[in-house]
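Let's take a friendly tour of one protein model. We'll look at a pocket and then at a pair of helices.

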Amino acid sequence: MNQEHLKKITTLRHQLHAHPELSMQEKETKTRLMAFLKENTKLELVDCGYWFYACYHCGRKSAEKIAFRADFDALPMEESIALSYASQNPGVSHKCGHDGHSAALAGMALELDEKGAGKDIYLIFQHGEEIGGGGEECARLIKEKGISQVYAFHNTSGYPEGSIILRKGTAQCASKGLTVCFQGVPSHASHPEEGRNPAQAVSKLALAIEKAVETTIEDRKIVLGTIVQIAVGSKNFGISASYGEISVTLRAERAQDMVHLEQQIRKAAEELARADDLTLSFEERDIFPDTVNDSACVEAVRRAAKESGFPVIDMPQPFRASEDFGYYLKQCPGAIFYIGNGEDYAPIHTSGFDFNDMLLETAVTMFWKLAGEA
């Protein structure tokens, strides 16, 4: 990689880190990235509201079109490391490394602008990945532009620094946040029989969720129903509770298993609500599809890594964490791969994490090789 380009994107990464923004609020982040590309490249830039893309046109009408994607939102976590470029936004920080993902894709733009390519290359800068709010919208570009392949990377800890981690098939699990709401009738706490209290229904549903997970697991596949919150009534000792809810994260290696698990939970909730004469409602949020890599595209990543001299590791099981890049992979073949931060590097989403700048050149090199492979 051009070392001047590397210096520029490292500085850009630090600027992004210092000014993090939460999902669906990344206005300054988008503006900063677009300004960098406008100043340093001649690529076409298209503003799409919450997100944008850059495009290199090779000049041939029949040219193949491929895409690379990076996310740019941050997390609701305090900065906890004494960095010269530490977050200036209280309660928000880049503890997942999306600042590095976007800086690397900007590095790919610099390389394209300098060297050119024999294909049309789309660089998608995406918002809202952490809550599953951006991928589905941005993925529409795939069909709109007739893109034939799409790639992305994510940094990951617990693997040797600079190693390329691959998985064919499901690379990351599908997940969904589901809240089950029971509405009863309040009464004086001395006369609970005059009201309808949802506490028993909520408690029984918590046990039913555990049972539903056990009956859904087949063939040693990943299936999880993680209760994240239970709330019933208020701390008012004169009023019997009349409202209760339970929130659970559904997660599965196969999307159909998650659907089956949700059906069981909804059925159990309906029976409990009926038994205690409660009004029932459901809320959904943070919906992620399963991220399923195309086998041929994974092999393209493998070749790109070996040609670049990067060690390759095959991942035995999918990551449990979800990734909305799965929306893109439902539109065309592609793959997400992972670059190791280091075996003892702080994990993402923890207080000790900061994106490893050593990965920037690795990521750009991989993108560049894949642009030639596709």
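## Before we start

When we talk about a strand here, we mean a DSSP run of type E with at least two residues, and strands are numbered from the N terminus. Keep in mind that this is a predicted model.

## The largest pocket

Let's begin with the open space. The largest pocket has a volume of about 750 Å³. Its lining is made of 36 residues, and the closest to the centre are Glu130, Arg251, Phe288, Ser322 and His349.

Which strand gives the most to this lining? That's E8, with 5 residues. E8 covers residues 174-183, and it has company: E5 (149-156), E12 (243-252) and E13 (279-288) also supply at least two lining residues each. As for the chemistry of the lining, you'll find 15 nonpolar, 13 polar and 8 charged residues.

## Two helices side by side

Now for the helices. People describe two packed helices by the angle between their axes and the distance between the axes. Here, helix H2 spans residues 27-40 and helix H3 spans residues 98-115; their axes come within 10 Å and cross at roughly 15°. Angles under 35 degrees count as roughly parallel, so H2 is roughly parallel to H3. The crossing of H2 and H3 is right-handed.

Who's touching whom? On the H2 side, look for Leu33, Phe36, Leu37 and Asn40. They meet Ser102, Ala106, Ala109, Leu110 and Asp113 of H3. Sorted by class, the contact between H2 and H3 has 6 nonpolar, 2 polar and 1 charged residues.

Key
Residues numbered from 1 in each chain as written. Predicted model: local features only at pLDDT ≥ 70, side-chain atom pairs only at ≥ 80, totals over all residues. Heavy atoms only, no water. 1 Å grid on protein atoms, 1.4 Å probe; cavity = no way out; pocket = protein on both sides within 12 Å on 5 of 7 lines; lining within 4 Å. Points joined across faces, edges and corners; volume = space filled by probe spheres on them. Helix = DSSP H or I, 4+ residues; strand = E, 2+ residues; numbered from the N terminus. Nonpolar A, V, L, I, M, F, W, Y, C, P; charged D, E, K, R; others polar. Axes fitted to C-alpha atoms, helices over the stretch in contact; angles between N-to-C directions. Parallel < 35°, antiparallel > 145°, perpendicular 65-115°, else oblique. Left-handed = near helix turned anticlockwise from the far one by under 90°. Contact = heavy atoms within 4.5 Å.
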